[in-house]
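Q: Please take a close look at a single part of this model and describe it in detail. Then follow its surroundings outward, keeping to what can be read from the coordinates.

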Amino acid sequence: EAGERVNLLAQLDTIDPLAVLHTDFTELVYATGKAELMALVDHTSKVIPGWAVGKHGDTELALRAWAAARRWLRRHDWPIKGLIVHHDQDPVYTGYGWTGQLLRRDHARLSYTLDGCRGNTEMESFHSRFKSENRSLLLDAAKLAELVRIVGQRITYYNHRRRHSALGNLAPMD
């Protein structure tokens, strides 16, 4: 029912705010271990409507991040139907749990990078900046719960205060 894997992003001439969300997993190192972060980042506004942190980058973590994004989009009266979610071809993103939720239940559209991380540069760029800018804070987290709290604080900062040159030095929510 999902059809062929296709890069919908490559077919767009212009991208409106909150029309395309990028996502992927990245490893976070903290004082006593490692965890995975999955965030969804808007292509145009750079806002992060949803994210989740957990021990494993699996379908359950992905669906928690998506549920957070859905709640955020609904709070802001933004439609989910037709929204493009762009990611790689990791088994999480091709499996029944993810595709069933996004395609069948939420009526979003899935877009796949067809050339690995080179096809999801928005997400790779976010991960790189997020980890380098917050490295010492992340490394200070003694437990997973503390890491989750720190990530939440930093994403709130990112959405509401951090200036982006691509946005004319405005924060995403501005």
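A: Buried here means under 20% relative accessible area, exposed means over 50%, and partly exposed is in between (1.4 Å probe, protein chains only). The model is predicted, so local features need pLDDT of at least 70 and side-chain atom pairs count only at pLDDT 80 or more, while totals for chains, interfaces and linings use all residues. Residues are numbered from 1 along each chain as its sequence is written, and side-chain values use heavy atoms, with hydrogens and water left out.

The part chosen is helix H4, residues 121-133. Helices (H or I, at least four residues) and strands (E, at least two) are DSSP runs, numbered from the N terminus. The expected span of a helix is 1.5 Å times one less than its number of residues. For the 13 residues of H4 this gives 18 Å, and the C-alpha atoms at its ends are 18 Å apart, so the two values agree.

Which residues of H4 are buried? They are Met123, Phe126, His127 and Phe130. Viewed down the axis of H4, these buried residues fall within an arc of 100° and so line one face of the helix; the arc is that of the directions from the helix axis to the C-beta atoms. The general background is that an α-helix has 3.6 residues a turn, so residues three or four places apart point the same way. Thr121 and Ser132 are exposed, and they sit on the face of H4 turned away from its buried side.

The buried residues of H4 pack against strand E1 (20-30), strand E2 (33-42) and H6, where contact means heavy atoms within 4.5 Å. E1 and E2 belong to an open sheet of five strands in the order E3-E2-E1-E4-E5, with mixed pairing; two strands pair if DSSP finds at least two bridges between them. Strand E3 (50-54) and strand E5 (109-112) are at the edges with a single partner strand each, so one side of each has no neighbour in the sheet. On average, neighbouring strands of this sheet are turned by 25° against each other, direction ignored.

E2 and E3 run antiparallel and are joined by five bridges. One of the pairs sets leucine 37 against its bridge partner in E3, valine 53. Although E3 is an edge strand, E3 is mostly covered, with four of its five residues buried. Toward the other edge, strand E4 (residues 84-87) pairs with E5 in the parallel sense over four bridges. Here leucine 110 in E5 is the bridge partner of valine 85.

Two helices can be placed on this sheet. Helix H1 (residues 59-75) lies across E1, E2, E3 and E4 and runs at about 150° to E3. H4 packs on the sheet by touching E1 and E2, and its direction makes about 35° with that of E1. For these angles, axes are lines fitted to C-alpha atoms, for helices over the stretch in contact, and angles run from 0 to 180 degrees between N-to-C directions.

Next comes the region following H4. Asparagine 134 lies in the loop between H4 and helix H5 (135-140). Asparagine 134 counts as buried because its relative accessible area is 3%. Its side chain is joined to that of arginine 154 by a polar contact of 2.7 Å. A polar contact is a pair of N or O atoms within 3.5 Å; within protein, one must be able to donate a hydrogen and the other to accept it, and residues adjacent in sequence count only if both atoms are side-chain atoms.

Arginine 162 is in the segment after helix H6 (144-160). With a relative accessible area of 13%, arginine 162 is buried. Leaving aside neighbours within four places in sequence, arginine 162 is in contact with Arg129, Glu133, Tyr157, Leu170, Ala171 and Pro172. Of these, Arg129 and Glu133 fall within the residue range of H4. Arginine 162 also makes a side-chain polar contact of 3.2 Å with histidine 164.

Asparagine 169, too, is found in the segment after H6. Its phi is near 65°, a positive value in a residue other than glycine, and at 48% relative accessibility asparagine 169 counts as partly exposed. Lysine 46, in the loop between E2 and E3, has a positive phi of about 70° although it is not a glycine. Lysine 46 is buried, at a relative accessible area of 12%.
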